[in-house]
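I open this notebook page to record what I looked up, one entry per topic, in the order in which I went through the chains and the DNA.

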Protein chains: 2
Amino acid sequence: MDKRKPSLTQVAEAAGVSKMTASRVLRNSGRFSGETRARVLQAADRLNYVPDRLAAAFGSETASTLVGVLVPRLSGGLFGQVVETIDATLTRFGYQTLIGTYENRAEQEEAWLKSVLSWRPAGLILTGRGHTEGTSAMLKAATLPLVEIWDLNTRPTDISVGINHFDCGYEMGRLFLSRGRRRIACAGADASAPGLGQVRFHGFQEALRDAGAPPAETEILEDRPSFYQGFYAAQTLLARHGKLDGIYFQNDEMAIGGMAYCQSAGLGIPGDIGIAGWGGMDAAAILERRLTTTNVSTRALGKAAAEALLTRVRGEPVRDVIEIPTKLIPGGTL
Amino acid sequence: MDKRKPSLTQVAEAAGVSKMTASRVLRNSGRFSGETRARVLQAADRLNYVPDRLAAAFGSETASTLVGVLVPRLSGGLFGQVVETIDATLTRFGYQTLIGTYENRAEQEEAWLKSVLSWRPAGLILTGRGHTEGTSAMLKAATLPLVEIWDLNTRPTDISVGINHFDCGYEMGRLFLSRGRRRIACAGADASAPGLGQVRFHGFQEALRDAGAPPAETEILEDRPSFYQGFYAAQTLLARHGKLDGIYFQNDEMAIGGMAYCQSAGLGIPGDIGIAGWGGMDAAAILERRLTTTNVSTRALGKAAAEALLTRVRGEPVRDVIEIPTKLIPGGTL
DNA sequence: GGAAAAAATGATACCGATAACACAAGAGAG
DNA sequence: CTCTCTTGTGTTATCGGTATCATTTTTTCC
C-alpha cells in the first residue's frame, strides 16, 4: 500500500500548508484556523501519518514522551504490579516506559540512569531514595521531573509517592505484643543489597523497645525474598533460638514459606507461634487461616506516581509528598 | 563541575580531530590510527562524555539500542521473570528495554506497536503469534529483528523462542488418566482475551480423547488468573458438576486457590480430588504436598530470547526456532 | 477608512550524531 | 621514480521534527 512512511513534509504538502503549520495542528499548539486544522488532520489521516517521536524528541527540549522507570525487580514481589500500573497510566497519556531493574544495588542504579538519560526522557520514576553521589549529581544536573516511589520521603528531591515503612513495622510490632508474643524474631532477605523492607524491622524493633520488650532476633538471608527464603529463615531461626513465639517476615512470600516450615516442624499457628508478613499478596488472603499482614495498594501507588509525574511534566502544580495508606490485616496467624 | 553535557564536537576538539574521526573511534568502526584512538578515548574520558543515543538513533538507520518488549502482564504470572531476564540481558549488551503490556488484547498490541515503532527500535520481542492484520502489516513493513516468545512457532515470522503448550497439556492429561482420574475439569481465566494458557487445555483434551475418556468440563472465568479465580473456579465447577475427581488449572496460582477451596469444602487432596497447575511457581514447591505442575524455566526463555534478538540485530546467523523445554513435576496433589 | 492589534502562516536554523564521499599522505609494485 | 592501492582523516549532507522570528492577512476600534 504505502511505499514508505509518510513524513510531516508529505502531510504538509498534501494539505497545502507549510511543515510548520502542519506541526502546529498536529500538536495542537500555537495558532491556526479551523479550516487549516481540518485539512491537515484529514491529510494526516489519509496518509496514515505516524509522527516520528525520535525526531520530535531530538529536535526539542520538551517533546520527549519517554519515561524511565527503575525498580529493584519485576518478579516475585509487588513491583511487577507497580510497574504494570505505571505503564498503563503512562500509555493512556501517550507516554512510553523505559524499564530497568537494579536489584537494590546503587551502582546498577547509576549505570541505568546514565544510559537512560542519554535518551532525554521526559521524566523519571525511581524506587527509594538512597542514591549514590554520582546518581544525585546526574539527577541534579538533569533537572528532570522525578518521582521517588515506595518509601515516603517528606523532603523529596522532587516528588515522593510512597509508604511509611517504619510505621508499618511499628504497628505490626504493637500487634505482636498485644497478642502476648515476647520471644519474637524478624526474618528478612537481600542482606547484601538491603532495600526498604528492613526499615520495617526498625519500626518493629522500636515498638518492642517502647513497650520494654526484649528486642527481636533478626535473621537476614542473602538471597532475594521468596517462599524458599522464608522456609529457610524460619528453620534457621528456630534452630538457633529455640522457643520463638512469633516471626515477622519481610514479605508475604517469605511468611508463607515460613508457615510451611513451622507446620512441617509440628508447630501450631497461631497456637505455638505467630506469623506475620507484609504486602498483602493474593495468596495470603485465601490460606486456611488468613495471613496476618499489611495490605499495600500497589495499584494506587503506581497510578499516583505516574499521574504526579505527568502533571509535573506538563508544568502544572503537584503535591510533592503523596502518602499511600496501608492497612494492617489482623488475619488469623498471629 | 561541567557546565553542560559535552557533545561529540567537544570531544573532537579536545582531541584535536574532526567529529567524524571521534565518532569512528568511539564506535570502533572504520579506520583510525592507534595514536588517534588513544587521544580521543582520553578526551572522552576526561570530559566524561556520554553519547546522545537519541541523536545517534535519529541520525542512523542502525544505531538504535532500544528494544521493545511486549507481554500480557507484568504482575502475577511468570512474565515478570521473563521480562526481568530479558532486560538484564539487553542491559548487559548496552541495550534499553521499552516495555508494554497488552492484556492479551490484540488492539492494545497494535496500539503499542505503533507507538513503539515511532521510536525506531533495534528489535522487538512480542508474546505469542496471534496478531491482528494491522500488526502483521506493520511488522512486515518495518522489517525489524523480531522474536516471538512464549508459544513455540515452527514457522516463525522471524525468530520464535517458546514452549510447546499443547504438549504440556497432553502430557498432563496422560498423567491425570494414569492416576485413574475420569471426571476431570479444566479451570482457566482471561475468557475475553484468551492467551496461550488455553492451548494447554486443547492438548489436555486431546490426551483424554486419545484414551477414549470423556472430555473435561471446562470453566473459563472472565478475570485474569489469580488465587481468587482458582478458588472461585473450583467452587463453580464442583457446584455445577458434583463429583469431580480432578481439576487441571491454567496456572499454579489458580491451582493453589483451587486447593484452598477444596480443602475448605472438606475434599481430600489427592484422595478425593486431584489438582494440577502449570508454571512451577516457587510456592507450589513448598506446599505440604508439592503441587503437581509443569516447570517452566522463565529465565532460560528470557535469556534465549534476548540473545537471539541481539544476534539477529548484529546480523549474525541465529537458529530461528528455539524450544525451551518444560518438565512435568508429578508432585503430590494428583 | 485607516492605524493598530491580533491571528494565521511561512522561512530558516538547529538538535547531535552517522553515512557517503572526497582527499591527502604513505606504502608497495613495476 | 612514477603509479596505484591502502590507510587515515576531513567535509558535507542528512535524519524529521520544533523553536524562533518574520511576514502576511484579518479583525478591531476610533
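**Entry 1: a strand and its partners.** I began in chain A of what is a predicted model, and I noted that D151(A) stands opposite I163(A) in strand 5 of chain A. The pairing behind this is parallel, with five bridges joining strand 4 (residues 146–151) of chain A to strand 5 of chain A. I then looked for another partner and found that strand 5 of chain A also pairs in the parallel sense with strand 11 (residues 321–323) of chain A, over three bridges. There V161(A) stands opposite I322(A).

How many of the residues of strand 5 of chain A are buried? I found that five of its five residues are buried, so that I call the strand (residues 159–163) mostly covered. I159(A), V161(A) and I163(A) point one way from the strand, S160(A) and G162(A) point the other way, and all are buried. I set this beside the general rule that in a regular strand the side chains alternate between the two faces of the sheet.

**Entry 2: a charged residue in strand 4.** I next looked up E148(A), which is found in strand 4 of chain A. Is E148(A) buried or exposed? I count E148(A) as buried because it has 24 C-beta neighbours inside 10 Å, where 20 or more is the cut-off. Leaving out residues up to four places away in sequence, I listed its contacts as L126(A), G128(A), R129(A), N153(A), P156(A), T157(A) and S160(A). As a distance check, I noted that E148(A) and L98(A) are 50 residues apart in sequence and 16 Å apart in space, C-alpha to C-alpha.

**Entry 3: the nonpolar core.** I looked up the largest nonpolar core, which has 187 residues, and found that A305(A) and A305(B) touch the most other members. For A305(B) I wrote down the contacts I86(B), I125(B), V147(B), I149(B) and V161(B), again not counting residues up to four places away in sequence. My margin note is that in soluble globular proteins, nonpolar side chains tend to be buried together.

**Entry 4: the contact between the chains.** I found 42 residues of chain A in contact with 42 residues of chain B. On the chain A side, the elements that each supply at least two residues include helix 4, helix 5 (79–92), strand 2 (96–101) and helix 6 (106–117). By class, that side has 21 nonpolar, twelve polar and nine charged residues. I also saw that strand 2 of chain A and strand 2 (residues 96–101) of chain B run antiparallel and are joined by three bridges, with T97(B) as the bridge partner of I99(A).

**Entry 5: the DNA.** Which residues come closest to DNA strand C? Of the 27 residues that surround DNA strand C, I listed S7(B), L8(B), S23(B), G59(B) and S60(B) as the closest. Two or more residues of this surface come from each of helix 2 (19–27) and helix 4 (53–59) of chain A and helix 1 (8–15), helix 2 (19–27) and helix 4 (53–59) of chain B. I sorted the surface into eleven nonpolar, twelve polar and four charged residues.

For DNA strand D I again had 27 residues around it, and L8(A), S23(A), A55(A), G59(A) and S60(A) come nearest. Helix 2 and helix 4 of chain A, together with helix 2 and helix 4 of chain B, give two or more residues here. The classes are eleven nonpolar, eleven polar and five charged.

**Entry 6: helix 2 of chain A.** I found T21(A), A22(A) and V25(A) buried in this helix. Seen down the axis of helix 2 of chain A, the buried residues fall within an arc of 100 degrees, so they line one face of the helix. These buried residues pack against helix 1 (8–15) and helix 3 (34–47) of chain A, whereas the face turned away carries the exposed residues M20(A) and R27(A). After the helix comes N28(A), whose phi is positive, near 55 degrees.

**Entry 7: backbone exceptions.** I kept in mind that most residues other than glycine have a negative phi, and most peptide bonds are trans. W150(B), in strand 4 (residues 146–151) of chain B, has a positive phi of about 85 degrees. I count W150(B) as buried because 27 other C-beta atoms lie within 10 Å. The peptide bond from I269(A) to P270(A) is cis, with omega near 5 degrees, and I placed P270(A) in the loop between helix 11 and strand 9 (274–276) of chain A.

Methods
Residues numbered from 1 in each chain as written. Chains lettered and ligands numbered in written order. Predicted model: local features only at pLDDT ≥ 70, side-chain atom pairs only at ≥ 80, totals over all residues. Near = placed C-beta within 6 Å. Helix = DSSP H or I, 4+ residues; strand = E, 2+ residues; numbered from the N terminus. Nonpolar A, V, L, I, M, F, W, Y, C, P; charged D, E, K, R; others polar. Buried ≥ 20, exposed ≤ 12 C-beta atoms within 10 Å, placed from the backbone. Pairing = 2+ DSSP bridges. Contact = placed C-beta atoms within 7 Å. Core = buried A, V, L, I, M, F, W, Y, C linked by C-beta atoms within 7 Å. Arc of directions from axis to C-beta.
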